[in-house]
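Hi,

Here is the structure I said I would pass on. Have a look at it first, and then read my notes below.

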Amino acid sequence: MNARTLVPLFLAGASGLASATVVNQAITEAEVLGAQKAWCQALVDINSAYEQGGQPAAKALAEKVIDSAYGYQMGAVLFKPTLTVAPQTFRTTRDGALAYFVGGDAKYPKDTGFALKGWKQCEAKNAAVFITGDSASSMGNVVMTDKNGKVTTVDKTWKYVKDDAGKLRIVLHHSSLPYSGS
């Protein structure tokens, strides 16, 4: 077939062909909000696992959470956790994320386990959600309450894409403490 033969076929459309498979990777606001709610619940659940079964239980759950919520199987994730310091500020690997959430990794000696801080409640409060087809970004605060009622608020930016199975994955996660004005 040459280009002159293809043009009429293209213009004729798919009539007469078997039904086509349609791939739609568009992301909805409901999916973004659901992912944020699931992330917050996972933070509380990892802490609960820690309180009930110690660091091994927390680590096992955190591994499942990271594998289901983040896109490390797709490549590097742009993860800048709240309480990290140079030279390990950025966590582009699964191992780095796991160490941040539950500690216990000698390669990350300053990590004490952010998810093990006694969190009992967590809520995402978006300033904005920007969805453009197959990717979505959100920016706002995550408000966490510990077992003593102390509230910690962090500034949070997430970016989501869908994997080949159509599951929403975090591919960018930036978190920082709000500017204190000093």
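How many salt bridges does the structure hold? There are 7 of them, in what is a predicted model, and a few are worth walking through.

Start with Lys 162 and Glu 31, a salt bridge with its closest N and O atoms 3.1 Å apart. The two ends come from distant parts of the chain: Lys 162 sits in strand 4 (residues 151-162) and Glu 31 in helix 2 (residues 29-69), which puts them 131 residues apart. Is Lys 162 buried or exposed? Lys 162 is buried, because its relative accessible area is 14% and the cut-off for buried is under 20%. Glu 31, on the other hand, is partly exposed at 28%.

Helix 2 turns up again in the next one. Glu 51 pairs with Lys 120, and here the closest N and O atoms are 2.7 Å apart. Since Glu 51 lies in helix 2 and Lys 120 in strand 2 (residues 119-132), this salt bridge ties together parts that are 69 residues apart in sequence. Both ends are partly exposed: Glu 51 has a relative accessible area of 41%, and Lys 120 has 37%.

Then there is Arg 94 with Glu 63, where the closest N and O atoms are 4.0 Å apart. Arg 94 belongs to helix 3 (residues 94-102) and Glu 63 to helix 2, so this pair also links distant parts of the chain, 31 residues apart. Arg 94 is partly exposed, with 26% relative accessible area, and Glu 63 counts as partly exposed too, at 27%. Asp 67 joins in as well: salt bridges with shared partners connect Glu 63, Asp 67 and Arg 94 into one network.

Now the rings. How many aromatic pairs does a search of the whole structure find? It comes back with 11. One of them is Tyr 70 with Phe 101, a tilted pair with 6.4 Å from centre to centre and 55° between the planes. Tyr 70 is in the loop between helix 2 and strand 1 (78-80), while Phe 101 is in helix 3, so the pair ties together parts 31 residues apart in sequence. Tyr 70 and Phe 101 are both buried. They also belong to a cluster linked by ring pairs, whose other members are Trp 39, Tyr 72, Phe 79, Tyr 100, Phe 114, Trp 119, Trp 158 and Tyr 160.

For the overall picture, the protein chain has 3 helices and 5 strands, in the order α-α-β-α-β-β-β-β from the N terminus. Of its 182 residues, 36% are buried. The chain exposes about 10,600 Å², with carbon and sulfur atoms supplying 57% of that area. As for contacts between residues at least 6 apart in sequence, 49% join residues at least 24 apart.

Last, the confidence. The mean pLDDT of the protein chain is 90, and 88% of the residues reach 70 or more. Which stretch should you be careful with? Residues 1-10, where the pLDDT is below 50 and the model has 2 contacts beyond near neighbours in sequence. Where pLDDT is low, the predicted coordinates should not be read in detail.

Cheers

Conventions
Residues are numbered from 1 along each chain as its sequence is written. This is a predicted model: local features need pLDDT of at least 70, side-chain atom pairs count only at pLDDT 80 or more; totals for chains, interfaces and linings use all residues. Side-chain values use heavy atoms; hydrogens and water are left out. pLDDT is the predictor's confidence in each residue, from 0 to 100. Contact means heavy atoms within 4.5 Å. Helices (H or I, at least four residues) and strands (E, at least two) are DSSP runs, numbered from the N terminus. Buried means under 20% relative accessible area, exposed over 50%, partly exposed in between (1.4 Å probe, protein chains only). Accessible areas come from the Shrake-Rupley method with a 1.4 Å probe; for residues, only the protein chains shown count as cover. A salt bridge is a side-chain nitrogen of Lys or Arg within 4 Å of a carboxyl oxygen of Asp or Glu. Rings of Phe, Tyr and Trp (its six-membered ring) pair if their centres lie within 6.5 Å; planes under 30 degrees apart count as stacked, over 60 as edge-to-face and the rest as tilted.
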